[in-house]
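Me: I'd like to go through the labels on this model and ask what earns each one. Can you set the values against the cut-offs as we go?

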Amino acid sequence: MTTPTRVLVLNSGSSSVKYQLLDMKDDSRLAQGLVERIGEETSRIVHTPLQGVGVPPAKRGGGEKREKNGAIPDHAAALKAVAEELAADGLGLDSPELAAIGHRVVHGGLRFTQPTVIDEEVLAEIERLVPVAPLHNPANLVGIRTAMTLRPDLPQVAVFDTAFHTTMPESAARYAIDVETADAHRIRRYGFHGTSHAYVSRETARLLGKEPEEVNVIVLHLGNGASASAVRGGRCVDTSMGLTPLEGLVMGTRSGDIDPAVTFHLKRVAGMSTDEIDVLLNKKSGLVGLCGDNDMREIRRRIDEGDERAALAFDIYVHRLKKYIGAYYAVLGRVDAVAFTAGVGENAAPVREAAIAGLEELGLAVDADLNAVRSDEARIISPVYARVAVAVVPTDEELEIARQSYELVGGEVNA
């Protein structure tokens with residue numbers, strides 16, 4: 001009997017399901033897709049069969065993309081639509097080659113420090129964590145429960161965004177507030193984007209020709225959501241996001257670090273409600289709040305045309321980045337590499353150049369020619385004389401989830 005080697009990775013949002021089917025024999029992608037606007041009349045599913053071993057995120061394709069439009073009322077219908085598309089390519093959920101379904105779960109609290117096979121007790125704990133992840137954990141739960149009804153015989157594995165950051169020491173994880181209050185309400189720094197930080201820190205070590213245990217890396221995950229981490233010998237010792245993904249770097253629509261008293265001021269002086277302040281800081285701040293755009297390409301275009309608001313937004317964004325690089329350099333003591341990843345980190349050369357500029361005394365520099373090269377491959381963009389490597393490492397959260405899931409259910413991964 002053939003040993004099953006395929007893993008279906010599901011990322012269930014409140015109105016969407018992203019998915020990817022991988023074969024862990026060689027890390028090849030077999031299919032990927034997106035179901036969006038679930039619960040609306042204008043729902044759609046976009047499905048693409050994939051070809052090639054180790055297809056990186058930017059090159060996923062190869063087969064003919066299929067798109068279907070029409071009402072998809074709920075997540076159960078969405079996953080059934082996914083199953084139908086996979087079956088049309090001979091990759092159905094009933095395949096004996098499917099070893100597990102891996103689920104991205106945003107918040108695992110302190111309990112879940114590793115990928116975990118899901119049972120009723122695990123589901124109950126994920127539900128108990130809803131108050132600290134109200135936008136994400138409920139959607140993750142719906143996707144898990146639906147997948148369990150479709151394949152009740154198959155291991156379902158939860159891979160938690162917060163797990164990689166549970167190695168932070170208490171000195172980094174705790175806020176300086178009353179301990180009893182903090183513990184009673186689970187208030188501490190959890191961090192997010194953990195699967196990306198885990199993957200990128202390990203790939204950076206590989207790029208340097210070393211084992212993860214040998215290197216200290218500052219990882220900068222820069223997308224619409226953005227976070228930084230300090231990774232010592234493969235273990236996270238600090239990260240920029242906190243109780244929620246709002247803390248830390250300037251992001252597309254989130255403010256990042258802000259004086260907590262701003263919220264009191266807005267309530268007392270502007271008469272804003274808690275919900276209005278929540279929307280302001282999470283959806284109307286960051287780059288979009290500063291200049292009206294959260295697309296770095298558009299911001300750079302506006303800067304080139306002399307737009308002062310866009311230029312100031314860019315400078316504020318970079319200033320915060322530079323502060324975190326310096327802070328995490330101090331936390332780690334020795335830094336072997338700074339790695340840029342995610343949409344902005346991988347594609348915005350001006351951001352990388354500006355973030356590293358002026359840090360030569362720390363051994364950091366960017367080679368302008370290397371930085372300007374566009375590539376889907378992990379690469380070093382610092383000059384040969386630089387004491388600290390600056391790298392661009394495309395993230396691959398789906399592969400990380402698949403690897404962790406497959407390894408947990410007894411497979412051997414090609415890490």
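Reply: Sure. Let's begin with burial: buried means under 20% relative accessible area, exposed means over 50%, and partly exposed is in between. Keep in mind that this is a predicted model.

Me: Then why does E125 count as buried?

Reply: E125 has 9% relative accessibility. The cut-off for buried is under 20%, so E125 counts as buried.

Me: What makes E121 and R111 partly exposed?

Reply: E121 comes out at 48% and R111 at 41%. Partly exposed is what lies between the 20% and 50% limits, so that label goes to E121 and to R111.

Me: How do you know that E121 and R111 form a salt bridge?

Reply: Their closest N and O atoms are 2.9 Å apart. The limit is within 4 Å, for a Lys or Arg side-chain nitrogen and an Asp or Glu carboxyl oxygen, so the pair qualifies. E121 sits in helix 2 (residues 120-128) and R111 in the loop between strand 6 and strand 7, 10 residues apart.

Me: And what makes R111 and E125 a salt bridge?

Reply: Here the N to O distance is 3.9 Å, and the cut-off is within 4 Å, so this one counts too. R111 is in the loop between strand 6 and strand 7 and E125 in helix 2, so the pair ties together parts that are 14 residues apart in sequence. R111, E121 and E125 also belong to a salt-bridge network with R128 and R186.

Me: Which labels do R302 and D293 get, and why?

Reply: R302 is at 11% relative accessible area, so buried; D293 is at 21%, so partly exposed. The line between those labels is drawn at 20%. Their side chains meet in a salt bridge at 2.7 Å, N to O, and the structure holds 30 salt bridges.

Me: What about cysteines: why are C236 and C291 called buried?

Reply: C236 has 0% relative accessibility and C291 has 4%. Buried needs under 20%, so both C236 and C291 make it. As for disulfides, the structure holds 0.

Me: What makes strand 5 and strand 7 edge strands?

Reply: The 8 strands form an open, mixed sheet in the order 5-4-3-2-1-6-8-7. Strand 5 (66-69) and strand 7 (116-117) each have a single partner strand, so one side of each is left without a neighbour in the sheet.

Me: How do you know that strand 1 and strand 6 are paired?

Reply: Pairing takes at least two bridges. Strand 1 (residues 6-12) and strand 6 (residues 98-105) are joined by 5 bridges, running parallel, so they pass. One example is V9, whose bridge partner in strand 6 is G102. Helix 3 (residues 137-150) packs on the sheet, touching strand 1, strand 6 and strand 8 (156-160).

Me: What makes strand 10 and strand 11 a pair?

Reply: They share 4 bridges in the antiparallel sense, and at least two are needed, so they pair. S229, for instance, has T239 in strand 11 as its bridge partner. The two strands form a hairpin with 2 residues between them, and G233 in the turn has a positive phi of about 55 degrees. In strand 11 (residues 235-239), 4 of the 5 residues are buried.

Me: Which element gives the most to the largest nonpolar core?

Reply: That core has 43 residues, and helix 11 gives the most, with 11 residues.

Key:
Residues are numbered from 1 along each chain as its sequence is written. This is a predicted model: local features need pLDDT of at least 70, side-chain atom pairs count only at pLDDT 80 or more; totals for chains, interfaces and linings use all residues. Side-chain values use heavy atoms; hydrogens and water are left out. A disulfide is a pair of cysteine sulfur atoms within 2.5 Å. Buried means under 20% relative accessible area, exposed over 50%, partly exposed in between (1.4 Å probe, protein chains only). Contact means heavy atoms within 4.5 Å. Axes are lines fitted to C-alpha atoms, for helices over the stretch in contact, and angles run from 0 to 180 degrees between N-to-C directions. A nonpolar core is a set of buried Ala, Val, Leu, Ile, Met, Phe, Trp, Tyr and Cys residues joined through side-chain atoms within 4.5 Å.
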